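Dear colleague,

I am passing on the structure below, and my notes on it follow. Please read them alongside the coordinates.

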Amino acid sequence: MTSLDQARELLREFPVVDGHNDLPWALREQVRYDLGARDIAGDQSAHLHTDLPRLRAGGVGAQFWSVYVRADQPDPVPATLEQIDCVRQLLARHPRELAPALTAADMEAARGQGRIASLMGAEGGHSIADSLGTLRGLYDLGVRYLTLTHNFNVAWADSATDEPGVGGLSAFGREVVREMNRLGMLVDLSHVAATTMRDALDATSAPVIFSHSSARAVCDHPRNIPDDVLERLPANGGVAMVTFVPKFVLQAAVDWTAAADENMRAHGLHHLDTTAEGMRIHRAFEEAHPRPVATVSTVADHLDHMREVAGIDHLGIGGDYDGTAFTPDGLNDVSTYPNLIAELLDRGWSKADLAKLTWKNAVRVLGAAEDVARHLQETRAPSNATLASLDT
Amino acid sequence: MADLQDDLHPAAEVGRIDEPYPREAVIVTPETYEPVSDPDAEPLTRAHAVLAAHPVADGYSGLPWALRRLPWYDLDLGESAVDADVPRLRKGQVGAVFWSLHLPEADDGGRAVGATLEQLDLAKAVVAAHDEGLRPARSAGEVADARNCGRVAVLFGPAGAAALGDSLGVLRSLHTLGLRVLTLTGASWAGAAGLTRFGEEVVREMNRVGMIANLSYASAPVIRRVLAVSKAPVLFSRSAARALRPHPANLPDELLADVGRAKGLCMVPLTAEQSGPTVRDVADHLDHVRTVAGPECVGLSGTYDTGGAHPQELADTSCYPRLIAELLGRGWDETEVALLTWGNVQRVLREAHFTAHVAQQRRPPSTATIEDLDG
């Protein structure tokens with residue numbers, strides 16, 4: 001039996017809980033939610049990383065669907081509700097394949113039925129528009145994690161990819177974390193600055209997650225988790241879900257991206273310029289300097305390190321499929337998780353270890369957040385705090 | 001409302017035979033009404049007896065917004081700073097109430113969606129904090145459940161059309177959160193000229209999800225168009241008779257007749273401004289609406305905690321029996337009172353639910369955008 005066969009067998013019992021998939025955003029951008037035009041019941045590999053047959057082939061048993069919206073718009077709340085509506089429509093269209101899930105028990109029930117437990121995560125504090133009432137509205141709609149920031153700071157939390165603002169979490173930011181604890185919404189620390197990670201770990205009374213982040217010691221990129229934060233996960237009980245995005249996991253790709261950005265700026269353009277001229281210059285650069293390719297082994301290196309620092313009970317997987325243009329060789333879409341599991345088997349990870357990585361840790365964390373919420377709700381009423389009342 | 005079997009858009013459903021949905025299955029009227037009061041008793045005694053069996057379903061309350069300015073309140077014990085609390089709702093024999101979601105005036109759509117989420121959150125928190133007296137309800141069935149548990153059912157809505165942020169996805173999400181009534185004013189697609197194409201799509205999608213249209217304060221062209229397009233009954237959460245009192249939200253007789261034909265519901269507000277300064281004035285409006293629109297198309301709207309003055313003897317939510325006594329004294333039949341207080345609202349909620357059930361078999365969620373339809 002090859003290790004790939006073993007991996008598939010393993011995933012049949014303990015399938016993958018994936019922390020982050022941007023299918024709703026892809027459907028919004030590509031077809032404006034015309035779900036018939038990108039019917040995920042069939043092969044969509046020409047357009048998407050994700051469809052139901054490939055989720056099956058990949059051994060996915062639970063998916064946090066990201067309800068991400070852009071932060072650079074005047075009001076991100078309506079778009080967030082549209083993204084949530086999109087997930088609900090996907091669930092309504094594919095009831096045999098996708099099971100609505102709000103709790104750890106729902107996840108286990110879906111596994112028992114052979115369906116893919118479907119949860120929602122909001123990617124960025126901008127989606128709550130500085131309002132705890134809006135946060136509770138998202139929870140009521142089924143959102144079970146909030147990433148505190150996306151690529152830019154919010155008024156109450158610093159992002160990993162922005163200039164320092166409040167220096168981590170502000171007083172209101174800590175109140176957001178406390179209210180999430182009270183609700184049973186997971187605090188997601190992907191995308192946030194290391195200062196925010198540390199502040200959130202100080203403020204939270206429930207386990208946190210990193211829905212899609214890898215190890216900074218292996219690849220020095222601000223989107224990854226520093227070792228001192230990974231070291232705190234055993235005490236917190238949380239889980240770091242390794243991501244596959246090449247420009248975060250492969251040092252050569254990090255350096256290449258920096259050089260490509262510098263090249264754009266040297267031509268007097270913004271580094272994310274997508275005009276015809278910008279694309280031409282970018283293509284010319286890419287022809288002269290081939291884009292470095294990450295592999296399954298690159299991601300496994302991160303997991304080996306994260307395991308050493310945080311421990312086997314604090315690892316998970318968050319592929320970021322359909323949220324990234326490029327993927328590692330061998331991890332090209334949602335059907336490829338078995339390749340990663342096979343690689344880890346070859347590196348000597350036991351079946352018990354892998355069951356924790358793929359399924360058990362993530363389910364445990366959601367269940368623990370629910371327990372904390374039940375406890376807190378006995379003593380604490382919904383918070384009426386506002387940004388203005390705490391941060392001025 | 002067009003009849004359910006009278007599909008305005010048959011072309012959308014090619015290759016499938018429309019199965020007529022029997023109206024009898026939709027409208028459940030008390031077939032044999034058992035009188036609950038002694039016809040020879042005093043009107044107020046009779047009013048209490050009728051309301052015990054057919055409590056008031058109040059079409060409009062501003063309570064959540066009114067509570068916002070209070071640092072502390074207790075609706076279970078009684079709260080004199082507002083017009084409604086649990087003891088007075090019980091004394092007034094109120095069985096259900098719609099809580100309007102007030103958007104700040106400055107919100108011209110910019111932050112209206114988030115403000116609506118906050119209002120829904122606040123309303124739910126108030127209900128949850130008073131669960132001995134109040135219970136949230138989303139359907140006719142849940143309203144009945146709440147009543148069977150001795151609780152006042154609280155329904156969420158109306159909210160202004162700005163709450164949608166011009167998005168049908170937002171409409172569906174707000175419905176998921178429990179919003180059940182939307183007022184078709186304050187949006188570019190429902191203005192003085194009537195409904196735009198997107199506006200019509202909003203109404204169709206409201207029918208599909210089971211969101212009831214409120215047309216008080218809507219322009220006459222919007223009212224007429226919604227009455228034609230909507231397959232579910234509409235309501236007017238705060239409209240009296242313009243023939244008796246000129247007010248922009250009061251309905252002229254020809255519109256009242258249209259409402260009667262469409263089996264909508266005109267809910268007469270208990271405010272001095274719209275109905276007049278006395279109980280008799282309110283009763284005059286109820287008489288008039290009953291005559292012009294029909295007894296199954298008239299309802300009550302307390303309009304408490306909205307800042308306006310109320311008629312004498314109708315100062316707060318405990319006063320409904322006095323009004324019902326006036327109607328019984330005028331010779332209203334007990335069955336008509338039962339429809340006025342409870343039955344008509346239950347019918348509208350039930351029909352909205354049935355219409356949604358049928359529409360969901362026929363139509364997928366609409367992906368239309370305001371840019372697509374209104375350019």
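**Core, contact and helix H7(B)**

The largest nonpolar core has 234 residues, and those with the most contacts inside it are A:Val143, A:Ala240, A:Ile341, B:Ala163, B:Val226, B:Cys266 and B:Ile324; such a core is a set of buried Ala, Val, Leu, Ile, Met, Phe, Trp, Tyr and Cys residues joined through C-beta atoms within 7 Å. Helix H14 of chain B (residues 334-362) gives the most to this core, with nine residues. This is a predicted model, in which local features need pLDDT of at least 70 and side-chain atom pairs count only at pLDDT 80 or more, while totals for chains, interfaces and linings use all residues. Residues are numbered from 1 along each chain as its sequence is written, with chains lettered from A and ligands numbered from 1 in the order in which they are written.

Leaving aside residues up to four places away in sequence, A:Ile341 touches A:Ala7, A:Leu10, A:Leu11 and A:Leu354, where contact requires C-beta atoms, placed from the backbone, to lie within 7 Å.

The contact between the chains takes 21 residues from chain A and 21 residues from chain B. On the side of chain B that touches chain A, H5 (112-129) and H7 (168-176) each supply at least two residues, and the largest share, eight residues, comes from H5(B).

H7(B) is mostly covered, with eight of its nine residues buried (20 or more other C-beta atoms within 10 Å of a residue's own). Its cover includes H4 (76-93) of chain A, together with H5 and H8 (197-209) of chain B. After H7(B) comes B:Gly178, whose phi is positive, near 115 degrees. Helices here are DSSP runs (H or I, at least four residues), numbered from the N terminus.

Methods:
Contact = placed C-beta atoms within 7 Å. Buried ≥ 20, exposed ≤ 12 C-beta atoms within 10 Å, placed from the backbone.
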